[in-house]
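Q: Please take a close look at the largest pocket of this predicted model. Which residues lie nearest its centre, and which elements give two or more residues to its lining?

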Amino acid sequence: YKIGVGIKGYLFIKKLYKFWLNLQDVPENVRKEFIKRLNSDKKYRQKVGENILVILDRLDDIEKSEYVARAFKGYIREEYDYITFQRLARAVEGCFILDYGWIKKKQRFDNLDAHIAMPLTSVGIIELVAIPGARDERTNNVYHLTNFGKLFVGVVIEGKTRFDSDV
């Protein structure tokens, strides 16, 4: 029991550290302004802090902490609202990390197996745009990257600001 708690605690600390480390490139004046916003409302500050901890705790890969930090940076810079940050963080959590590499290379996906398409669809990164009429081995559903998916690729995967992205 103690070993399990120790390992879980150790992994959580690694996620928290990686998250914090990836926020260091936010300019000091932007961080100070964000802290001022946090300090203006105790409930808001507590909600944001607790939600970050919950998000990080749920991640199935330590590397995903960096992606959550990228999404949080956009929120700190007021590029989008808190709900959008939460949706981006949920998408980080819900996607298989090895899918990130090929998601950013495409706008259209013609040959996705259900076990790949369903998680990406459920977090809003892709959407089904065509279902072929005849079901045989040569026909496939067609998916496109959503506007949210484009934001995810730009901000979370590529580390751009929203203003650098096409969304």
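**The largest pocket and its helices**

A: In this predicted model, the largest pocket is lined by 17 residues, and those that lie nearest its centre are Phe-19, Trp-20, Leu-23, Phe-34 and Phe-72. Two or more lining residues come from each of the elements α1 (2–21), α2 (28–39), α3 (42–58) and α4 (64–76), and among the contributors α3 gives the most, with five residues. The volume of the largest pocket is about 350 Å³, and its lining, sorted by class, consists of 13 nonpolar, two polar and two charged residues.

Two of these helices, α2 and α3, can be followed further through their contact with each other. Packed helices are in general described by the angle between their axes and the distance between the axes. For α2 and α3, the axes come within 6 Å and cross at roughly 115°. On the α2 side of this contact stand Phe-34, Arg-37, Leu-38 and Asn-39, which meet Tyr-44, Arg-45 and Val-48 of α3; by class, the residues of this contact divide into four nonpolar, one polar and two charged. Phe-34 therefore appears in two settings, since this α2 residue is among those nearest the centre of the largest pocket and is also one of the residues that meet α3, where contact means heavy atoms within 4.5 Å.

How values were computed: Residues numbered from 1 in each chain as written. Predicted model: local features only at pLDDT ≥ 70, side-chain atom pairs only at ≥ 80, totals over all residues. Heavy atoms only, no water. 1 Å grid on protein atoms, 1.4 Å probe; cavity = no way out; pocket = protein on both sides within 12 Å on 5 of 7 lines; lining within 4 Å. Points joined across faces, edges and corners; volume = space filled by probe spheres on them. Helix = DSSP H or I, 4+ residues; strand = E, 2+ residues; numbered from the N terminus. Nonpolar A, V, L, I, M, F, W, Y, C, P; charged D, E, K, R; others polar. Axes fitted to C-alpha atoms, helices over the stretch in contact; angles between N-to-C directions.
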